[in-house]
There are 2 protein chains.
Amino acid sequence: MNLEPVTFTPIGVVHCDFGEPEDPKTMRNSLSTLEIDERYLEALQGIERYRHVFVIYYIHRALGYDLLVHPMGDESIPKRGLFATRSPRRPNPIGLTVVEVLNVEGRKITVTGLDALDGSPILDIKPYEEHFDSPGGVEAERDPSYKPKDG
Amino acid sequence: MNLEPVTFTPIGVVHCDFGEPEDPKTMRNSLSTLEIDERYLEALQGIERYRHVFVIYYIHRALGYDLLVHPMGDESIPKRGLFATRSPRRPNPIGLTVVEVLNVEGRKITVTGLDALDGSPILDIKPYEEHFDSPGGVEAERDPSYKPKDG
């Protein structure tokens, strides 16, 4: 396996009211601003036509990880493998959140739904495409012979 | 803005039949194997309980990018900003695909739905959580005062 390191340069930064982690629901219900580097201003054209986009960001405050974790940090739920959870503490702390686009002004995008901390470096923004990103849509395009037995 | 580079080490590699890009639908209808590095074997525990997971991978064959592109390379569609498309040629060529988990055996996960080329380095795997990743679910949790006027 080729596991050579990969380096990315952030395209922008998250601005929001949360310098420290709070209740995820509270964070997602707040407004965040995605400030995109000016060199990418043109690349934002048309983003306002999407109601939802994915924000892929670097969870810059995450420190280390465990291979087995309690989902949502809830000790009443038995531990499971890290990749079967959305824990922010991961080998590659990459955050992924579907957000709603409220406003685009120049290189600043106002969104709700983001659970990133203030200052999080943004790695990529992709439009949410129902036919591609909704599992229903994925299934609809699948060759039926690939359906699992219990499907 | 702090745009310091971020370095990730892949957690595994994609194996599939596609050494070169083909029709995306053909690729997504095929099987791929996610071979995860043995150090993360434990982190896969419980992944089989999810029907769908996100695969975040490095689009290792992408070269350069343009700020304005025709969506899906279709010249009949007017150009728009790169971040309003899913073009694989991006400042940070990070691929994001929802796949269906068909089988987990040791550190190999068989999936359908992946549009990555053979040998693509895998950066992260996250369970798809309906309440978190479906825009419907996101909306349901939102404070109504944040709804855009046309909502």
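**Notes on the two-chain model**

1. A good place to start is the interface: chain B and chain A bury about 7,700 Å² between them, with 61% of that area on carbon and sulfur atoms. On the chain B side, F8(B), F83(B) and R86(B) lose the most area to chain A, and together they make up 11% of what that side buries. Please keep in mind throughout that this is a predicted model.

2. Who takes part in the contact? Chain A supplies 79 residues and chain B supplies 79 residues. Polar contacts across the interface of chain B and chain A come to 25 residue pairs, with both partners at pLDDT 80 or more. Strand β7 (residues 94-105) of chain B gives the largest share of the side that touches chain A, namely seven residues. By character, that side of chain B divides into 39 nonpolar, 16 polar and 24 charged residues.

3. Charged pairs also cross between the chains, and you may like to look at them one by one. Four salt bridges are counted between chain B and chain A. One salt bridge joins the side chains of D124(A) and R90(B), at 2.7 Å from N to O. In addition, R90(A), D124(B) and K126(B) are linked in a network of salt bridges.

4. Turning to the fold of chain A, there are three helices and nine strands. Their order along the sequence is β-β-α-β-β-β-β-β-β-β-α-α. The C-alpha trace of chain A spans about 50 × 40 × 35 Å along its principal axes. Of its 151 residues, 53% count as buried. Looking at contacts in chain A between residues at least 6 apart in sequence, 68% join residues at least 24 apart.

5. E100(A) deserves a look of its own. This residue lies in strand β7 (residues 94-105) of chain A. Is E100(A) buried or exposed? E100(A) counts as buried because its relative accessibility is 0%, under the 20% limit. Its side chain has a polar partner, R51(A), at 3.2 Å.

6. Over all chains the structure holds 16 salt bridges. Within chain A, the side chains of R107(A) and E35(A) form one of them, at 3.2 Å from N to O. This pair links distant parts of the chain: R107(A) sits in the loop between β7 and β8 (108-112), while E35(A) belongs to strand β3 (residues 31-36), 72 residues apart. R107(A) is partly exposed at 26% relative accessibility, whereas E35(A) is buried at 13%.

7. Chain B has salt bridges of its own. R39(B) and D37(B) meet through their side chains at 2.8 Å, N to O; R39(B) is partly exposed with a relative accessible area of 47%, and D37(B) is buried at 12%. Another salt bridge pairs R89(B) with D66(B), whose closest N and O atoms are 3.2 Å apart. Here too distant parts of the chain are linked: R89(B) is in the loop between β6 (80-81) and β7, and D66(B) is in the loop between β4 (52-58) and β5 (68-69), 23 residues apart. R89(B) is partly exposed at 32% relative accessibility, as is D66(B) at 39%.

8. A last point on the cysteines. How many disulfides does the structure hold over all chains? The count is zero. C16(A) is buried, with a relative accessible area of 13%, and C16(B) also counts as buried, at 12% relative accessibility.

Technical notes: Residues are numbered from 1 along each chain as its sequence is written. Chains are lettered from A and ligands numbered from 1 in the order in which they are written. This is a predicted model: local features need pLDDT of at least 70, side-chain atom pairs count only at pLDDT 80 or more; totals for chains, interfaces and linings use all residues. Side-chain values use heavy atoms; hydrogens and water are left out. A disulfide is a pair of cysteine sulfur atoms within 2.5 Å. Buried means under 20% relative accessible area, exposed over 50%, partly exposed in between (1.4 Å probe, protein chains only). Contact means heavy atoms within 4.5 Å. Buried area is the accessible area (1.4 Å probe) that two parts lose on being put together, summed over both. A polar contact is a pair of N or O atoms within 3.5 Å; within protein, one must be able to donate a hydrogen and the other to accept it, and residues adjacent in sequence count only if both atoms are side-chain atoms. Helices (H or I, at least four residues) and strands (E, at least two) are DSSP runs, numbered from the N terminus. Ala, Val, Leu, Ile, Met, Phe, Trp, Tyr, Cys and Pro count as nonpolar, Asp, Glu, Lys and Arg as charged, and the others, Gly among them, as polar.
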